[in-house]
Amino acid sequence: MTKPLLVAENISKYYDGRVACEKVNFELWPGEVLAIVGESGSGKTTLLKCLSMQIAPNAGRVLYSLRDGRTESLSDLSEAERRFLMRTDWGFVHQDPREGLRMGVSAGANVGERLMAVGERHYGRIRSTALDWLNRVEIAGDRIDESPRNYSGGMRQRLQIARNLVTAPRLVFMDEPTGGLDVSVQARLLDLLRGLVRTLGLSVVIVTHDLAVARLLSTRILVMQQGKVIETGLTDQVLEDPQAPYTQLLVSSVLQV
Ligand SMILES: Nc1ncnc2c1ncn2[C@@H]1O[C@H](COP(=O)(O)OP(=O)(O)OP(=O)(O)O)[C@@H](O)[C@H]1O
Ligand SMILES: [Mg+2]
C-alpha cells in the first residue's frame with residue numbers, strides 16, 4: 001500500500017471552551033503501530049475517540065483509506081459505511097474491559113457476536129473460531145461458556161482483545177490496554193499483542209502513559225501535553241534523544257526507576 005491508512009488533520013476538541021486536544025496532525029501507515037503518550041489529562045483518550053468516531057471533533061478531519069481504495073473523510077461516510085468500519089474494519093480496546101465487553105453474555109458469545117455482525121451464521125464455525133481465539137489469548141477453552149464477570153481483570157482484557165481481533169480488523173485503537181494489570185500479566189499481554197500485530201499485519205493506535213509499553217510495541221510515537229502534540233518521531237529516536245523538555249523529563253523519570 002502506497003498511501004496512509006489514516007490521516008488526522010488539525011483535530012481539535014474543546015469542552016466548554018477548554019482545550020481537550022488541539023490541532024493534532026499525523027499519518028498512520030498500514031502495519032504501523034503509533035503510540036500516543038502523555039500525562040493524565042493531556043487529551044489522549046479524547047484524541048483516540050475523535051479518531052474512531054466515538055466523539056465528533058470541533059475542528060479538523062480524519063481521512064481514512066477504505067478497503068476499496070477510496071480515501072474518505074470519516075464525517076462524510078454513509079451510516080452503512082460507518083457501521084462497517086465500527087464492526088468490521090476497526091477494533092477498539094477500551095481501558096476498562098467492561099466498556100468493551102458484554103458482561104451479560106458468555107465469553108464465547110462475546111467473540112461470536114462480532115462474527116455474526118459480519119454475516120457468519122453457522123453455529124459450529126462460530127464456536128470453533130471463538131475457541132481458537134480464546135486459545136490464542138491464553139484463555140482455557142473450558143471457560144468459554146462463563147460470563148466475563150467470572151474472569152479476572154487480565155482475562156477480561158485478553159477476551160476484549162479476542163473479541164476485537166476475531167474479524168481481522170485492519171485498524172485497532174487501544175486505550176491503555178495494559179493499564180491496571182500487574183507486571184507479569186502485563187508482560188504476557190504485551191508479548192501477545194506484539195505477536196498479533198506481526199502475524200496479522202495490524203495497524204494500531206495505542207494510548208499509554210507507559211513509555212516501556214510504547215517502546216515495546218510502537219514504531220512511532222506522539223507525545224502530548226495539555227492537548228497538544230509536542231513531539232513526534234520514530235519511537236527509538238524520540239526515547240533515545242528527546243527534544244522537548246517535557247519528553248526529556250518523561251524519559252529521564254522512567255530511566256531513574
Ligand atoms: N466528557 C468530557 N467533558 C468535559 N471535559 C472532558 C470530557 N472528557 C475529557 N475532558 C477533559 O479533557 C481533557 C483531556 O482528557 P482525556 O480524558 O482525553 O485525557 P487523557 O490524556 O486520556 O488522561 P488519562 O491518562 O488520565 O486517561 C481533561 O481536561 C478532561 O477533563
Ligand atoms: Mg485516558
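## A tour that starts at Ile206

Select Met174 and look across to strand β8: the bridge partner you find there is Ile206. Keep in mind throughout that you're looking at a predicted model.

**Stop 1: β8 and its neighbours**

Now widen the selection to whole strands. Colour β7 (residues 171-175) and β8, and you'll see the two pairing in the parallel sense over five bridges. To get from β7 to β8, follow the chain through helix α7 (residues 183-200); this β-α-β crossover is right-handed.

Next, add strand β3 (residues 33-38), which pairs with β8 in the parallel sense over four bridges. Click on Ala35 and you're back at a familiar residue, as its bridge partner in β8 is Ile206. Try Val33 too: opposite it in β8 stands Val204.

How many of the five residues of β8 are buried? Select residues 203-207 and check: five of the five are, so the strand is largely enclosed by the rest of the structure. Turn the view to compare the two faces. On one side sit Ser203, Val205 and Val207, on the other Val204 and Ile206, and both faces are covered.

**Stop 2: the six-stranded sheet**

Zoom out a bit. β8 belongs to an open sheet of six strands, and you can walk along it in the order β6-β7-β8-β3-β9-β10. The pairing in this sheet is mixed. At the edges you'll come to β6 (90-93) and β10 (228-234), each of which pairs on one side only. Going from strand to strand, neighbours are turned by 15 degrees against each other on average, if you ignore direction.

Before moving on, show helix α6 (residues 153-165). It lies across β6 and β7, and it runs at about 170 degrees to β6.

**Stop 3: the four-stranded sheet**

There's another open sheet to see, with four strands in the order β2-β1-β4-β5 and antiparallel pairing. Its edge strands, β2 (18-28) and β5 (71-73), each pair on one side only. Here the turn between neighbouring strands is 20 degrees on average, direction ignored.

Pick out β1 (residues 6-15) and β4 (residues 59-65) for a closer look: they pair in the antiparallel sense over five bridges. Select Val7 and you'll find Leu63 of β4 standing opposite. Then bring in helix α1, which packs on this sheet, touching β1, β2 and β4; its direction makes about 125 degrees with that of β1.

**Stop 4: helix α1**

Stay with α1 and select its residues. Eight of its eight residues are buried, so to speak no gaps here: the helix is mostly covered. Click through them one by one: Lys44, Thr45, Thr46, Leu47, Leu48, Lys49, Cys50 and Leu51. Just past the end of the helix, stop at Met53, where phi is positive, at about 65 degrees.

**Stop 5: ligand 1**

Which residues surround ligand 1? Select the ligand and look around: there are Tyr15, Ala20, Gly38, Ser40, Gly41, Ser42, Gly43, Lys44, Thr45, Thr46 and His209. Helix α1 (residues 44-51) shows up again here, giving the largest share of the shell, three residues. Colour the shell by residue type and it divides into two nonpolar, eight polar and one charged.

Note on methods
Residues numbered from 1 in each chain as written. Chains lettered and ligands numbered in written order. Predicted model: local features only at pLDDT ≥ 70, side-chain atom pairs only at ≥ 80, totals over all residues. Near = placed C-beta within 6 Å. Nonpolar A, V, L, I, M, F, W, Y, C, P; charged D, E, K, R; others polar. Buried ≥ 20, exposed ≤ 12 C-beta atoms within 10 Å, placed from the backbone. Pairing = 2+ DSSP bridges. Right-handed = clockwise from strand over helix to strand, strands pointing away. Axes fitted to C-alpha atoms, helices over the stretch in contact; angles between N-to-C directions. Contact = placed C-beta atoms within 7 Å.
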